[in-house]
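Trainee: Could you walk me through this one? I have the sequence and the model open, but I'm not sure where to begin.

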Amino acid sequence: MGVRLVVVDDHRLLAEALAAALQLRGHRVLAVGTPTGVAADLVVSRRPEACLLGVARPEDGAAFDAIRRIRRERPEVSVVVMGNVDHLAGVAAAFAAGAAGYVRQDERIEVVERALGRVRAGEAAVSPELLRASFDHLLRPAAEPDDEALRLLRLLTRREAEVLARIADGQDTQEIAEGMRIAPSTARTHVQRVLVKLGARTRLEAAAVAARTGLLEQVGRAAD
């Protein structure tokens, strides 16, 4: 028996091709959409059994916002993601968001069809190897440059980066001034600029942001 589904992809032609191929195999495509941001609206309004979601950049943090909304508003609908498997963080993020299956973006239509049938039956649709690797990454992420840390680092001058490192070490304004051989008023100015650029209200909050994003490690590398 065919699956009632919506097909959404970042590329319109690919979404239409997938929909046509699945219809020829006896499935009922209720809607075709692009980009992936419209997936939740289509699922909420059309009430399919499954959603086939093609994602061009699964490593993008916002790529699976639609899945989160689907899980909140239509938890009975299973989502199968089609994407690359080069970024395990992206695969792990798809499952963390609530995806029921994940297949390669260049997978054969027969494999995609089987995945849809499995998630409709309440089963996971992903190869054991990919599932194991993605959850290993989720539980023990490899050390990779933090995009947020790099973005924040680019906002800081070299002096401000040094001030941030000293703030994280617990130094007060006088200690920062003495350590950098600058006037206390100059040190206060640097501290205020660091707080503004990090969106922090206090030194403690700035240090917390730096630690959470890995910015301190990036500052250390830049100083080497």
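Mentor: Let us settle one term before we begin: contact means that heavy atoms lie within 4.5 Å. Please also keep in mind that this is a predicted model.

Trainee: Okay, so which elements do the buried residues of helix 5 pack against?

Mentor: They pack against strand 1 (4–9), helix 1 (12–24), strand 3 (50–54), strand 4 (78–83) and strand 5 (101–104). The buried residues of helix 5 are Val111, Val112, Glu113, Ala115, Leu116 and Val119.

Trainee: And how many residues does helix 5 have?

Mentor: Helix 5 has 12 residues, 109–120, and from its first C-alpha to its last it reaches 17 Å, which is close to the 16 Å expected at 1.5 Å a residue. After the helix comes glycine 122, which has a positive phi, near 85 degrees.

Trainee: Switching topic, how do you describe two packed helices?

Mentor: Two packed helices are described by the angle between their axes and the distance between the axes. Take helix 2 (residues 39–46) and helix 3 (residues 65–73), whose axes are 8 Å apart and which pack at an angle of about 25 degrees. Angles under 35 degrees count as roughly parallel, so helix 2 is roughly parallel to helix 3.

Trainee: Which residues make that contact between helix 2 and helix 3?

Mentor: From helix 2 there are Ala39, Ala40, Asp41, Val43 and Val44, and from helix 3 there are Ala66, Arg69, Ile70 and Glu73. Sorted by class, the residues of this contact are 6 nonpolar, no polar and 3 charged.

Trainee: What about helix 8, at what angle does it cross helix 9?

Mentor: Helix 8 and helix 9 (residues 173–180) cross at roughly 130 degrees, and their axes come within 10 Å. That angle makes helix 8 oblique to helix 9, and the crossing is right-handed. On the helix 8 side the contact is made by Arg159, Glu162, Val163, Arg166 and Ile167, while helix 9 contributes Ile176, Gly179 and Met180.

Trainee: And which way does helix 8 sit against helix 10, roughly parallel or roughly perpendicular?

Mentor: The angle between helix 8 and helix 10 (residues 184–198) is about 90 degrees, with the axes 9 Å apart, and that makes helix 8 roughly perpendicular to helix 10. Here Arg159, Glu160, Val163, Leu164 and Ile167 of helix 8 meet His190, Val191, Arg193, Val194, Lys197 and Leu198 of helix 10.

Trainee: Which helix 8 residues are buried, then?

Mentor: They are Glu160, Ala161, Val163, Leu164, Arg166 and Ile167. Just after helix 8, glycine 170 has a positive phi of about 90 degrees.

Trainee: Which residues have a positive phi although they are not glycines?

Mentor: Arginine 47 has a positive phi of about 55 degrees, and arginine 181 has one of about 60 degrees. Arginine 47 sits in the loop between helix 2 and strand 3, whereas arginine 181 is in the loop between helix 9 and helix 10.

Trainee: Is arginine 181 buried or exposed?

Mentor: Arginine 181 is exposed, because its relative accessible area is 78%. Arginine 47, by comparison, counts as partly exposed at 48% relative accessibility.

Trainee: Last one: where is the cis peptide bond?

Mentor: The cis peptide bond joins threonine 34 and proline 35, with omega at about -5 degrees. Proline 35 belongs to the loop between strand 2 (28–33) and helix 2.

Definitions and conventions: Residues numbered from 1 in each chain as written. Predicted model: local features only at pLDDT ≥ 70, side-chain atom pairs only at ≥ 80, totals over all residues. Heavy atoms only, no water. Helix = DSSP H or I, 4+ residues; strand = E, 2+ residues; numbered from the N terminus. Expected span 1.5 Å × (residues − 1). Buried < 20%, exposed > 50% of the residue type's maximum accessible area, 1.4 Å probe, protein only. Axes fitted to C-alpha atoms, helices over the stretch in contact; angles between N-to-C directions. Parallel < 35°, antiparallel > 145°, perpendicular 65-115°, else oblique. Nonpolar A, V, L, I, M, F, W, Y, C, P; charged D, E, K, R; others polar. Left-handed = near helix turned anticlockwise from the far one by under 90°.
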